[in-house]
Amino acid sequence: MDNAIEKIAWYNVFKPSWYVEQMKGWTTRSYGLLLIGIGLIVGMTIGGGVFNPVTMATMFAGVLGFTCTLSITNTKPLNGVLGLVSALIYIVVAVQAKNYNDVLLQAIYILLLDLPVLLMPSWAKDVDKKVRFLHERGRGLTNWVLVIVFFVVLTGILYYSDTHIFISPRPWIDSIAASIGITGAVLTTLRFSESYYCWTIQGLMSVILWGVTAAQGDANFVLFVTYILYLTNDMLAFFDKNVSWFHHKTAK
């Protein structure tokens with residue numbers, strides 16, 4: 001197993017065998033959720049009857065992005081390449097929908113969650129053994145204060161950006177959703193279990209954001225459903241004991 005992990009590097013993305021290996025060892029619930037998710041995303045796109053570059057890009061971004069989140073839950077470095085491709089597509093869709101802070105959020109995902117996996121083999125090694133809690137070693141209060149301050153300051157900056165630089169029709173929802181997502185990305189990079197609190201709340205905010213966006217005619221409902229699926233994946237971390245992100249021993 002260690003030898004297989006050591007070989008993780010950017011050039012592996014060109015090997016079909018690597019993808020097959022990365023899809024092995026997931027929890028049973030993850031496999032089931034993956035099939036349901038792909039079926040819903042593709043089915044809604046086909047059922048919508050509208051086939052243009054935006055709808056097709058949304059479908060591919062949804063399938064790749066959902067698979068990426070499941071791979072993170074199962075501590076598989078597959079998320080690097082899938083996350084990178086889906087984030088680039090999401091950026092195009094978010095720009096067209098005028099959700100500008102979501103563009104920033106996807107760029108942060110690329111920098112913190114995707115590129116490290118592809119460029120630094122050791123970054124993705126034994127992730128399940130490095131997961132920890134914010135409260136470990138008696139630093140809970142300090143760590144939580146830092147997280148909250150980071151989120152509040154970031155929300156203020158992003159709201160200002162959405163109302164003074166890139167004018168968004170949904171500045172509050174866009175800013176809060178992006179701030180929670182960026183906070184979650186930072187916590188995931190640092191291997192903190194509490195990142196899944198952020199992913200869950202961010203999932204709810206993204207459901208609201210893209211639901212409102214679709215209702216206002218700036219996007220279709222495929223992304224709305226995709227984020228509901230993301231939210232379902234987040235629940236795996238809390239309730240599936242085979243997922244190490246939220247079911248591991250506290251370090252002493």
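This is a chat about salt bridges and nonpolar cores in a predicted model.

User: Anything to know before I start?
Analyst: Residues are numbered from 1 along each chain as its sequence is written, and side-chain values use heavy atoms, leaving out hydrogens and water. The model is predicted, so local features need pLDDT of at least 70 and side-chain atom pairs count only at pLDDT 80 or more, while totals for chains, interfaces and linings use all residues.

User: How many salt bridges does the structure hold?
Analyst: Two. A salt bridge here is a side-chain nitrogen of Lys or Arg within 4 Å of a carboxyl oxygen of Asp or Glu.

User: Which residue does Arg 170 pair with?
Analyst: Asp 218, with the closest N and O atoms 3.2 Å apart. This pair links distant parts of the chain, 48 residues apart: Arg 170 is in the loop between helices H8 and H9, and Asp 218 in the loop between H10 and H11. Helices are DSSP runs of H or I, at least four residues, numbered from the N terminus.

User: Is Arg 170 buried or exposed?
Analyst: Buried, at 3% relative accessibility. Asp 218 is partly exposed at 27%. Buried means under 20% relative accessible area, exposed over 50%, and partly exposed in between (1.4 Å probe, protein chains only).

User: And the other bridge?
Analyst: Lys 24 meets Glu 21, at 3.8 Å from N to O.

User: New topic: which helix gives the most to the largest nonpolar core?
Analyst: The largest core has 51 residues, and H5 gives the most, with nine. A nonpolar core is a set of buried Ala, Val, Leu, Ile, Met, Phe, Trp, Tyr and Cys residues joined through side-chain atoms within 4.5 Å.

Key: Helix = DSSP H or I, 4+ residues; strand = E, 2+ residues; numbered from the N terminus.
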